[in-house]
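Me: I have a model open and a few labels I'd like to see justified. Can we go through them one at a time?

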Amino acid sequence: MKVLGVYYGHNSTALLFEDGNIIDCISEERLTGIKNQTGIPKKSIKYILEKNKITASDLDVVAIPVKISAPIYASEDNKKTPFISFLNTIYNSVPVIKNTFGFVSFYNPNLRGVGRFFYKFFSQTIGAYSAENERKILADFLQIPFSKIQAYDHHTSHAYSAYYSSPYNNEKCLVLTLDAEGDGICASVNIFDGTKFECLSRTHADNSLGLMYAAVTQHLCMKVGEHEYKVMGLAPYAKEYAISGVYEKVKDLFSLGGKDGLEIASKFDMRQMPRYLREELGCVRFDVMAGVFQKLLEEVALKWVENAVDVTGIHTLCVAGGVFMNVKLNQRIHESKKIDRVFYLPSCGDESSPIGACYIAYLANLSQKTPTIKPLQTLYWGNSYTNDEIKTFLDSKNATQKYKVSFIQNIEEEIAKLISENKIVGRMSGRMEFGARALGNRSILANPANVDIVNVINEQVKNRDFWMPFTPSILEERINDYIVNPKHVFAPYMIVTFNTSNLARKELKAALHPYDLTARPQLVKESWNPGYYKIIKSFEKLTGIGAVLNTSFNLHGFPIVMGPEEAYYAFENSGLQYIALENYLVSK
């Protein structure tokens, strides 16, 4: 059974799902070069179908993880239709409509229902119309019957992606979703037991912790939907004495509501959070602002998670949704005494929501009652390039006339040697990894013990903010030498942070958070990525250190590089001295 998963919203993505397994998956940004590209991922769809030598008519289902568009959202193709174009013109020209549907409830909570009425009206009428139009455009693009395109609820899709990707997908689990919003919802509490799915509660989008955090990101003059991680990285620098007074003012913005306290309840419609920040906290220092709202996010979300555990009596968690991209929140969750085991879906923002839609479609259309779905393992689902293709590319650029180009059989050992000499190497090898994190195949690598190298990468290569941490990619057998992990949380995806050992603070200091010295590790298994494992193992033989510093291979503001063309562009337009393209080493 072949299912094509398609998401056309923020960071649009396409994937091919066959007989319960992900065959290929790529986000449109990698093919267009536009970070967090929105709209129907036509290039991704075309790439996947051509690579797998199938036509759209071979597909059994096209699965979409959203039933209604966010009020008045449309892709570029959809905006060309007269009615949608008219609505978007109004929406983008009237700030009150554009920014909120709950403005009437900001100063009078008793009018909250009025805001919800307007939101529901726009969602169920205009939003639903827009979403249906997107599916028609997609059907026309694929030249398939409209009936083949099935739309599934957004948070249900997130929930399925978390449970069926987890190693616990034949057990009874508590499955939680938390994001800014999708289909009018921002959070859900669910139970899966391998055969059935039960939703216990859903939280209306106007109570969204994700919208709250997005508003703080915007207030700090960063880019909403992209720079929330910078707010999280900045938060540890805030002094506790400076946080405490402001936190007292905001701590009551959220509470638990609904039956058994399984819903998140906000004091006012969170679409009005930008106004609240301007009027109530306009003069609060930037680092304090980050620290206060990171603390608020952690406290409220953890209370909600622990309450769900208490109510259900289930201590094994699976989580998904964009808010769980907050790795510091995830650390608070796995450290909770009420949690036994937890699986964080990697890259769990909307880019992974079509994975859940594919699971739903697959299970709904399968004849057998108890299918076996393998848990998620590697995320190397993208394209790869042969040495012949790379040579052809380098020849087309006359690379040998400008740089030293060498073909090296044991290039992993050469990369390890360069890193041990405090050189910085961009690596492009094997299949591109899916999602927001570079997992070794499209990574910039360096010596994790050399703190001086941080400024070099930040200033000469990545142009990134000084307060942001890198990642240590750690050999599987050395993980307990470096991180404090009494519950043995499996951490190969850079989706959760840990406190670190004294040895890590000596040998991996450049790859830890500069202030609180936590780590967001990538555990590297030899069977998952033999080449990357060999680099780290060779580096260990040279230095005794069982890890390397890893950061994504991209220029600031660009997506992670896809192939030799993007890697070479980053090389030429930065201070990067070495790139390894499969077995070719190019150096300035």
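Reply: Sure. Helices here are DSSP runs of H or I with at least four residues, and strands are E runs of at least two, numbered from the N terminus. Counted that way, the chain of this predicted model has 22 helices and 20 strands.

Me: What makes the radius of gyration agree with a compact globule?

Reply: The rule is 2.2 Å times the number of residues to the power 0.38. For 588 residues that puts a compact globule near 25 Å, and the chain has 24 Å, so the two agree. The C-alpha atoms fill a box of roughly 70 × 60 × 50 Å along the principal axes. Buried residues make up 61% of the chain, and 72% of the contacts with a separation of 6 or more are between residues 24 or more positions apart.

Me: Why are strand 3 and strand 5 said to stand at the edges?

Reply: Look at the order first: five strands form an open sheet as 3-2-1-4-5, with mixed pairing. Strand 3 (21-27) and strand 5 (149-151) each have a single partner strand, so one side of each is left without a neighbour in the sheet. Neighbouring strands there are turned by 20° against each other on average, direction ignored.

Me: How do you know that strand 2 and strand 3 pair?

Reply: Pairing takes at least two bridges in DSSP. Strand 2 (residues 13-18) and strand 3 have six, in the antiparallel sense, and Glu-18 stands opposite Asn-21 in strand 3. Helix 2 (residues 42-51) packs on this sheet, touching strand 1 (2-7), strand 2 and strand 3, and its direction makes about 140° with that of strand 3.

Me: What is the order of the other open sheet of five strands?

Reply: That one runs 8-7-6-11-12, again with mixed pairing. Its edge strands are strand 8 (197-204) and strand 12 (341-344), each pairing on one side only. The average turn between neighbouring strands is 15°, direction ignored. Strand 6 (residues 173-182) and strand 7 (residues 185-192) pass the pairing test with seven antiparallel bridges, and Leu-178 stands opposite Ala-187 in strand 7. Helix 7 (residues 154-165) packs on the sheet, touching strands 6, 7, 8, 11 (316-320) and 12, at about 140° to the direction of strand 6.

Me: Why are the buried residues of helix 15 placed on the same side?

Reply: Buried means under 20% relative accessible area, and in helix 15 (residues 387-396) that picks out Ile-390, Phe-393 and Leu-394. They cover an arc of only 95° around the axis, which puts them on the same side of the helix. The face turned away from that side carries Asp-388, Thr-392 and Ser-396, which are exposed. Among the elements covering the buried residues are helix 16 (399-402), strand 13 (404-407) and helix 22 (564-572). Just after helix 15, Asn-398 takes a positive phi of about 50°.

Me: What makes a group of residues a nonpolar core?

Reply: The members are buried nonpolar residues joined through side-chain atoms within 4.5 Å. The largest such core has 139 residues, and Phe-293 is one of those that touch the most other members. Helix 12 (residues 286-312) gives the most to this core, with 14 residues. Leaving out residues up to four places away in sequence, Phe-293 has contacts that include Met-212, Val-250 and Met-273. A second, separate core of 29 residues includes Val-561, Tyr-568, Ala-570 and Val-586.

Methods:
Residues numbered from 1 in each chain as written. Predicted model: local features only at pLDDT ≥ 70, side-chain atom pairs only at ≥ 80, totals over all residues. Heavy atoms only, no water. Axes fitted to C-alpha atoms, helices over the stretch in contact; angles between N-to-C directions. Contact = heavy atoms within 4.5 Å. Buried < 20%, exposed > 50% of the residue type's maximum accessible area, 1.4 Å probe, protein only. Arc of directions from axis to C-beta.
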